[in-house]
Amino acid sequence: MKYGLELQQNIFPPWRLSYIAYDVLKQELKTRQLEHGWTDQDEAEFVQLLDNELAKVYDFVNAKLSEIDARIMYCERTIQSLQRNQSTTAEMANSSYSMMDEALTEILFDVNDLSRFTRVNYTAIQKILKKHDKWTHLNLKQAYVAKLRDKPLDKQRFDVAIIYISALHDICRHRGRPPTGNSAAGADQNAFERATAKYWIHPDNITEVKAIIMLHLPVLIFNKNKKYESSDSAISSVYFDNRNYDLYTGRLQRDEGSEAIRFRWYGPTDSKNIFIERKTHHAAWLDGASVKDRFRLDESQVNSFVDGRLTANAIANDLRQKNADPSTIDDVHFIASGVQESFRDKQLEPMLRVFYNRTAFQLPGDQRLRISLDTDMTFIREDHIDGRQRRHPATNWRRNDLGVDPPFDYVSESDILRFPYAVLETKLQTHLGQEPPEWLTKLIESHLVHEVPRFSKYLHGASHFYRERLPLLPWWLAELNVDIRKPRSEHIGLTRSRSFKPLIDGRYRRAMIEETERANQQAIMDHHGSPATLVGKGTPSSPPSTPKRQGSFQSAKKGGFNLPWSRPSTPDYASVPMKTGPGYQSSNSLPLPLPEKGGDWRSSRTLQDQASKGSKWIEKMWGDGRSADEGSTYKRQRVKVRVEPKVFFANERTFISWLQFCALLLTVALSLLNFGDSTARIAGGLFISISALVSIYALYRFEKRAWMINRRIDGRYDDLWGPAVLCTLLIAALAVS
């Protein structure tokens, strides 16, 4: 398929005019080339056109990002107000959290759309540069790199937004309840069994996959007391092997007891914590179970550990002086002695560095299911096999000339391999009998991912750099020669309806939530359960820890944000019983109005209390739809349903429309009274009377509808008599005049 057609298929209609004019640029390039030879003036004019298109796209992305920032900050302020307001009833808090959840979902869809937008336009620019160089025999693509760096179209810019939305979404999902787990528990990865599956994800689908996972699992942040920075997601690992590639061969053939040894650190290169990790296939000491175990060293100790000066006994003694747990000391001693034995017996040396940015998804403190998504994966040589010294000094355990700044343009092309896809990894603790949830099964069977069983980062990098020295190569290398993208499934992933409303797996999110709520309500009416014990699909039975975020999203873009623990601020909605039967009245069932900046929830509460007190005269006029006998029993049980804010706004708009007509009629009446003759003054007086009557009637209808909406009364909300009476009065006034 030609890229022009592909671009048209991927355009998001509301943003159509902001996309790069690919066809126009292509036509300019082709027309000028056919009319005459390509001249310097043609080159200058074409570059100017391309600059204008790049600036248009870049400015649009920045404007949308600013809009997304503002919406996230508004949701943040509102959620913090909900958490601080202890007097809010459980039902109102539940309704407000639901509104914020929907708002965050809408923002998440916009982030996904904006990510696709940047990806499509970046690809279009690359395609048009390639065509230009092919037809003109110039090298504009290389010369244009500097301009693309000045105006980057980089999807990595959305990661902070996704993490922020995840934190707020998790608070809304659990209605601001206090944390019960510890996110730091996810960092303990010593000696646990798990079943792992790996998938490749095309760059076009990365943000969508992140968003889908985030709707079910929160982004895991190990240290919530530290401001989040882009480098926090960086993971670097140095893999060790010998010149016979024994570890490579053993892992590829999956020999019994084969191992992989790597030194890993998180974040920037100057991190002091280095994790010595060993992965063993069918470990003999665990009755044939595969395991990954590790321990921590200071960076200054690593070289001493590699050459044997820092022994396992010394490491264990150091832990004893720190009063570490005896079982931990034994484990570390066992791992350290095993790793050092491999270094001595197999003559291991640094071979390869693997870098990537990781987004992990997991319920804090719950390791039964963990999902990680690795992007910007890069392989860099660390060895001296070809006679070139890459590490200084040569005995150092890693290179010192590398940072955590992909795409590592300063590294020689012969020393680097940039992996074209992201890698999704799912980890299930099989010894706990964990089964994959339904949403995860649907995701991994969709068009968004491409399964690659047994994919290994080290094996892939080594097979690229040392291919001529290796007798065996991984099977998945052939997969790199095919396009892993698949036709889009109709009801899978994040899509939009014809009216551009968000759809999750072809359904509205509210429909999914309401289906769960209806099931819960049916169980309540059937007396098969209580709200406190019913849990909907995708909702954990025990709420995970939900961070309460402080600061602002804008500050996160500049330097990061804090994610300290939240405190309990609202009662559990699930613990409030559903009232039905005699004397039932759903008072205070509406969500509180969302506060603007500097707003006060208490003032909103006061207004609502006053409205409740002033509603008695309305009940006398219209009744509340119940039997006059308060002791009678209803044949039909009442179930509270959520009222959309747009219902109240529609009522207000109708009232304002009537007032606008009254104002217009009053203007005509005053003109007749001031500038007309006696007959005109009579008509003016009639018009003033009609205007006054209509305004009073409009207020009456507004209050009645508001009262009916507040009490969820099934009745007629349209006006049968008002328009007819108004037309009759106007015709009569015109006839008199």
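I'll start with the hairpin of strands S4 and S5, where five residues lie between the strands and Asp287 takes a positive phi near 55°. Keep in mind that this is a predicted model.

Strand S4 covers residues 273–283, and nine bridges join S4 to S5 in an antiparallel arrangement. Within that pairing, Glu277 of the hairpin stands opposite Arg294 in S5. How many of the ten residues of S5 are buried? Seven are, so to speak of S5, residues 289–298, as mostly covered is fair. As a reminder, side chains in a regular strand alternate between the two faces of the sheet.

Now to helix H20, which runs over residues 678–710. The check here is on length. With 33 residues at 1.5 Å a residue, H20 should span 48 Å, and because its end C-alpha atoms are 48 Å apart, the model agrees with that expectation.

Both ends of H20 are worth a look. At the N-terminal end, Asp677 acts as the cap: one of its side-chain oxygens lies 3.3 Å from the backbone nitrogen of Thr679. Just after the helix, Arg712 takes a positive phi of about 55°.

Last, the annotation. The unreviewed UniProt entry carries "transmembrane region" for residues 655–675, 682–700 and 720–736. What is the helix content of residues 655–675 in the model? That span is 100% helix and 0% strand, with its end C-alpha atoms 31 Å apart. Residues 682–700 are likewise 100% helix and 0% strand, and the end C-alpha atoms of that span lie 27 Å apart.

Key: Residues are numbered from 1 along each chain as its sequence is written. This is a predicted model: local features need pLDDT of at least 70, side-chain atom pairs count only at pLDDT 80 or more; totals for chains, interfaces and linings use all residues. Side-chain values use heavy atoms; hydrogens and water are left out. Helices (H or I, at least four residues) and strands (E, at least two) are DSSP runs, numbered from the N terminus. The expected span of a helix is 1.5 Å times one less than its number of residues. A polar contact is a pair of N or O atoms within 3.5 Å; within protein, one must be able to donate a hydrogen and the other to accept it, and residues adjacent in sequence count only if both atoms are side-chain atoms. UniProt positions are given in the numbering used here, feature names are shortened, and annotations may be inferred rather than shown by experiment. Buried means under 20% relative accessible area, exposed over 50%, partly exposed in between (1.4 Å probe, protein chains only). Two strands pair if DSSP finds at least two bridges between them.
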